[in-house]
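Colleague: Hi! I'm new to this one and would love a short tour. Could you walk me through it?

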Amino acid sequence: MSEEGTKSKRADARRNEKTLLDAAAAVFVTSGVEAPVRDIAAKAGVGMGTIYRHFPTRADLIVAVYRHQVDACAEAGPELLASSDSPYEALRRWIHLFVDFLVTKHGLAAVLQSDNTGFETLHTYFLDTLLPVCARLLGAAAEAGEIRSDLEALEVMRGVGNLCIGAESDPRYNARKMVGVLIAGLRT
């Protein structure tokens, strides 16, 4: 196979894996991480064997979906900074993406709790990947004079995270509304 053919195949494999991970994430949002693999396969338009070939265990699939979503949230930060009307608007939009990420993790902690080392590794990946993105957005908005300058990325992310606790289990609680109040409070 030519080098071009190999690159094309790798690109196809990456696209296929992204499609599979996007489908799994969508099914996890609606049905939780214990959703049947056949539902994920149907959503991705593949056979169950394809999923098991890529992800031999449910935990492998869950971890891959989690990492995929962390990466997508991280990639969105610079894109939003470049395309938004202001750094504050980019920060606001990114925090809402972060909220979407947090409130759609039905059952993830419970599944990973049995593997404390795996959970710690994922948590470290989450922080190492997203803290710099949040810090860059906060810094840009502070430099533009749009928000307070005494905020740390960890404080903001933890505040947002705490506001999201319980959102998936209590329909009376609107985490997005409360996060909106927090975002408005960042203004100078």
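Modeller: Happy to! Let's begin with the buried residues of helix 5, which are Y88, A90, L91, W94, I95, F98, V99, F101 and V103. Keep in mind that this is a predicted model.

Colleague: Thanks! How many residues does helix 5 have, and how far does it reach?

Modeller: Helix 5 covers residues 87-103, which is 17 residues. From its first C-alpha to its last it reaches 24 Å, close to the 24 Å expected at 1.5 Å a residue.

Colleague: What angle do helix 5 and helix 8 pack at?

Modeller: The angle is about 45°, and the axes of helix 5 and helix 8 (residues 153-164) are 10 Å apart. That makes helix 5 oblique to helix 8. Helix 5 passes helix 8 in a right-handed crossing.

Colleague: Which residues make the contact there?

Modeller: On the helix 5 side they are W94, I95, F98, V99, L102 and V103. Helix 8 brings V156, M157, V160, G161 and C164. You've met some of these names already: W94, I95, F98, V99 and V103 are among the buried residues of helix 5.

Colleague: And helix 9, is helix 5 roughly parallel or roughly antiparallel to it?

Modeller: Helix 5 and helix 9 pack at an angle of about 150°, with axes 11 Å apart. Angles over 145 degrees count as roughly antiparallel, so helix 5 is roughly antiparallel to helix 9. The crossing of these two helices is right-handed.

Colleague: Which residues meet in that pair of helices?

Modeller: From helix 5 there are Y88, R92, I95, H96, V99, D100 and V103. They meet A175, R176, V179, I183 and A184 in helix 9.

Colleague: I see R176 and D100 in that list. What do their side chains do?

Modeller: The side chains of R176 and D100 meet in a salt bridge, at 2.7 Å from N to O. R176 lies in helix 9 (residues 175-185) and D100 in helix 5, so the pair ties together parts that are 76 residues apart in sequence.

Colleague: How accessible are R176 and D100?

Modeller: R176 is partly exposed, with a relative accessible area of 38%. D100 is partly exposed too, at 32%.

Colleague: Why can side chains like that pair at all?

Modeller: Side chains of opposite charge can pair when their charged atoms come close.

Colleague: How many salt bridges are there?

Modeller: The count comes to six. One of them joins the side chains of E89 and R92, at 2.7 Å from N to O.

Colleague: Where do E89 and R92 lie?

Modeller: Both lie in helix 5, three residues apart, which is about one turn of the helix. E89 is partly exposed at 23% relative accessible area, and R92 is partly exposed at 29%. R92 also turns up among the helix 5 residues that meet helix 9.

Colleague: What about D150 and R148?

Modeller: Their side chains meet in a salt bridge as well, at 2.8 Å from N to O. D150 is partly exposed at 49% relative accessibility, and R148 is partly exposed at 39%.

Colleague: Switching topic: is H68 buried or exposed?

Modeller: H68 has 18% relative accessibility. Buried means under 20%, so H68 counts as buried. H68 lies in helix 4, residues 58-83.

Colleague: Which residues is H68 in contact with?

Modeller: Leaving aside neighbours within four places in sequence, H68 is in contact with K18, L21 and D22.

Terms used: Residues numbered from 1 in each chain as written. Predicted model: local features only at pLDDT ≥ 70, side-chain atom pairs only at ≥ 80, totals over all residues. Heavy atoms only, no water. Helix = DSSP H or I, 4+ residues; strand = E, 2+ residues; numbered from the N terminus. Expected span 1.5 Å × (residues − 1). Buried < 20%, exposed > 50% of the residue type's maximum accessible area, 1.4 Å probe, protein only. Salt bridge = Lys/Arg side-chain N within 4 Å of Asp/Glu carboxyl O. Axes fitted to C-alpha atoms, helices over the stretch in contact; angles between N-to-C directions. Parallel < 35°, antiparallel > 145°, perpendicular 65-115°, else oblique. Left-handed = near helix turned anticlockwise from the far one by under 90°. Contact = heavy atoms within 4.5 Å.
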